[in-house]
Amino acid sequence: MEEKTQKSLSFTEGPIFSSLIRFALPVLGSLILQAAYGAVDLLVVGWFGDAASISAVGTGSTFMQMVTLIITSLAMGTTVTIGQHIGEKKPEEAGNAIGTTILLFAVVGIALTVLLEAFAGPLADILQVPAESFDKTVLYIRICSGGILVIIAYNVISGILRGVGNANLPFLFVGIACVVNIVGDLLLVGVFHMDVAGAAIATVLAQFVSVVVSLAVLRKQALPIRFSLKQCRFYPRELRMILHVGIPIAVQETMVQISFLVINSIVNNMGLMPSAGYGVAQKIVSFIMLIPSSVMQSLSAFVAQNIGAGKKDRAWKGFFTAMLSGCTLGIFIFLAGFFGGGFLSSFFTSDAEVIAQSAAYLRGFSAECILTCILFSSIGYFNGCGNSLPVMVQGISSAFLIRIPVSLFMASLSNTNLTLVGLSTPITTVYGILFFLVCFAWLKRKQRL
C-alpha cells in the first residue's frame with residue numbers, strides 16, 4: 001500500500017472545525033445507513049406483519065445492534081492504534097496493527113457465532129419476550145447471528161479506514177448494503193411472505209454483499225500504511241495497544257447495552273403493546289443517537305492522530321469544537337423527539353396503540369439528544385488519548401448504579417408509563433457528565449491535559 005492518498009484526512013493541521021465536519025459527515029451517513037438495517041426490517045415487517053412480528057424484530061434487532069456495537073467498540077482499539085501510528089508517521093507499524101486485528105477478530109467472530117446460535121432461546125427467556133413473539137424472536141437472532149463474521153468484517157474494515165482518516169469508503173460500503181437490504185426485505189417479506197425470517201436473511205445478505213464489494217475496492221486503494229498478508233499474525237506490542245484501548249471500551253459498551261436489554265425486558269413484562277411500542281421507539285432512538293455517535297467516532301480519530309503527533313492542545317480544542325457542534329444539532333433533534341414522536345412512529349406501524357406507546361417513551365427520552373453530545377464527546381476524547389479506563393468505569397457504574405435501578409423504580413410506580421421509563425436514560429447521562437467532569441478536573445490538577 002502506498003504511503004500517501006488524497007482520500008485520507010490528516011487531523012494534525014488545518015482548521016479544526018472543517019476537519020471534523022469533513023470526517024464526521026460520512027461517518028454520520030454510515031451510521032444512518034447502518035441503523036437503517038434494523039429500521040427497514042421493522043418498517044417492512046410492520047407493513048406486512050402483526051404486533052407479534054413487530055415485537056420480535058424490535059427485540060431481536062435491538063439485541064443484534066448490541067452485539068454490533070460491542071464489536072465496533074472493540075474495533076475502536078484498532079482505529080486509535082492506527083491513528084496514533086499515522087500521527088507518529090510509522091506506516092509499517094500501522095500495517096502490523098491491521099494484521100493483528102484480522103486474526104483477533106476472526107477468533108472473536110467464531111466464538112460469538114457458536115455462543116449466539118447455542119443460546120438464542122435462553123437469551124429470549126432472559127429478555128422476557130412476550131409468548132406471542134418468542135419463537136419469532138429466537139428465529140431472528142439465530143439467522144442474524146449466523147452472519148456475525150460478516151458483521152465483524154465490515155466493522156474491522158471501517159475501523160481501519162477511520163484510523164487513517166478515510167470515512168468516505170465506509171459510507172459507500174454501508175450504502176450498498178442498505179440498498180441490498182431494502183430490496184431483500186421487500187422481496188422476502190413483502191413478496192414471499194417470509195415475515196421475521198425474511199427480514200433477518202435480508203440483513204445478513206446485505207452485509208455480505210457490502211463486505212465483498214469493500215474487499216474488491218480496497219485492493220485498488222492507496223492508504224498511508226504498509227501492509228501485506230505476511231503481517232497477518234499477532235504482534236505482541238500491537239495486540240497490547242489494541243486490547244488496552246478496545247477492551248475497556250467494549251466492556252463499557254457491553255454493560256451499557258445490557259442495561260438497555262434489562263429495560264427492554266422490563267418493558268416486555270408490561271405487555272405486548274408496550275413491548276411493540278418500545279421496539280418502534282428504539283428504532284427511532286437508534287437514529288436520534290447517530291449525531292453524538294458520529295461525533296464520538298470522529299473525535300476519537302482526531303484526538304488519536306494529534307496525540308500521536310504530540311499536539312495535545314489541538315486535541316483539547318477538537319474536544320470543545322465537537323461538543324458544541326453536537327449540542328447545537330442536539331437541540332433540534334430533542335424538539336423533533338419530544339413533540340413529533342407520534343408522527344415519527346407512524347412510519348413504522350399504523351397501529352394507533354403502538355404509536356401512542358412509542359411516542360410516550362420518546363417524550364421521556366428526548367432530553368438525551370442534547371445531554372449525550374456532551375457525554376459522547378468526553379468518551380471520544382478519552383478513547384482517542386488511548387485512556388479508555390475512565391470510559392469503562394463510567395459505563396459500568398452508569399449501567400448498574402443508575403440506569404437499571406432508576407428504570408426498575410419508574411416501572412414499579414403505580415400507573416407507570418413508557419414516558420417515565422424513558423426518563424431513566426437522560427438521568428443516567430447527567431451522572432455520566434458529572435463523572436467525566438471529575439475526571440477532567442483530576443487530570444488538569446495532575447497537569448495531564
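Phe320 is partly exposed, with a relative accessible area of 38%; here buried denotes under 20% relative accessible area, exposed over 50%, and partly exposed the range in between, for a 1.4 Å probe and protein chains only. The structure is a predicted model, in which local features need pLDDT of at least 70 and side-chain atom pairs count only at pLDDT 80 or more, whereas totals for chains, interfaces and linings use all residues. Residues are numbered from 1 along each chain as its sequence is written, and side-chain values use heavy atoms, with hydrogens and water left out.

The ring of Phe320 pairs with that of Trp316 in an edge-to-face arrangement, at 5.1 Å centre to centre and with 90 degrees between the planes. Rings of Phe, Tyr and Trp (its six-membered ring) were taken as paired if their centres lie within 6.5 Å, with planes under 30 degrees apart counted as stacked, over 60 as edge-to-face and the rest as tilted. Trp316 and Phe320 are 4 residues apart in helix H11 (residues 312-339) and are therefore separated by about one helical turn. Helices (H or I, at least four residues) are DSSP runs, as are strands (E, at least two), and they are numbered from the N terminus. Trp316 is also partly exposed, since its relative accessibility is 26%. A tilted pair is formed by Phe334 and Phe338, because their ring centres are 5.8 Å apart and their planes stand at 35 degrees. These two residues are likewise 4 residues apart in helix H11, and thus about one helical turn separates Phe334 from Phe338. Phe334, at 22% relative accessibility, counts as partly exposed, and Phe338 falls into that class at 33%. An α-helix has 3.6 residues a turn, so residues three or four places apart point the same way.

Over the whole structure, the search finds 18 aromatic pairs. Ring pairs join Trp316, Phe319, Phe320, Tyr381, Phe382, Tyr431, Phe435, Phe436 and Phe440 into a cluster. Members of this cluster also appear around Gln394, a residue of helix H15 (residues 389-412). Gln394 is buried, with a relative accessible area of 4%. Not counting residues up to four places away in sequence, Gln394 touches Gln252, Leu375, Ile379, Tyr431, Gly432, Phe435 and Phe436, where contact means heavy atoms within 4.5 Å.

Thr349 occupies the loop between helix H12 (341-345) and helix H13 (352-365). With a relative accessibility of 6%, Thr349 counts as buried. Its side chain reaches the backbone nitrogen of Asp351 at 3.1 Å. Beyond its neighbours within four places in sequence, Thr349 is in contact with Ile54, Val280, Val354 and Ile355.

Ile32, in helix H1 (residues 16-48), is partly exposed, with a relative accessible area of 34%. The C-alpha atoms of Ile32 and Val174 are separated by 9.3 Å, although the two residues are 142 residues apart along the chain. Contacts of Ile32, leaving aside neighbours within four places in sequence, are made with Phe287 and Leu290.

Leu290 introduces the next element, helix H10 (residues 290-308). This helix has 19 residues and reaches 27 Å from its first C-alpha to its last, close to the 27 Å expected at 1.5 Å a residue; the expected span is 1.5 Å times one less than the number of residues. H10 is mostly covered, with 17 of its 19 residues buried. Just after H10, Gly310 adopts a positive phi of about 75 degrees.

Positive phi values also occur outside glycine. His193 has a phi near 55 degrees and is found in the loop between helix H6 (168-191) and helix H7 (195-218). His193 is exposed, with a relative accessible area of 60%. Asp195 likewise has a phi near 55 degrees, a positive value in a residue other than glycine, and is placed in helix H7. Most residues other than glycine have a negative phi.

The interior contains 2 cavities of 30 Å³ or more. A cavity is a set of points, on a 1 Å grid over the protein atoms alone, where a 1.4 Å probe fits but cannot get out, and its lining residues have an atom within 4 Å of a point. Grid points are joined across faces, edges and corners, and a volume is the space filled by probe spheres set on the points. The second largest cavity has a volume of about 100 Å³. Its lining consists of Thr72, Ala75, Met76, Thr79, Asn155, Ser158, Gly159, Arg162 and Gln297. Helix H2 (51-87) and helix H5 (148-163) are the elements that give two or more residues to this lining.

Methods:
A polar contact is a pair of N or O atoms within 3.5 Å; within protein, one must be able to donate a hydrogen and the other to accept it, and residues adjacent in sequence count only if both atoms are side-chain atoms. On a 1 Å grid over the protein atoms alone, a cavity is a set of points where a 1.4 Å probe fits but cannot get out, and a pocket is an open set with protein on both sides within 12 Å along at least five of seven lines; lining residues have an atom within 4 Å of a point.
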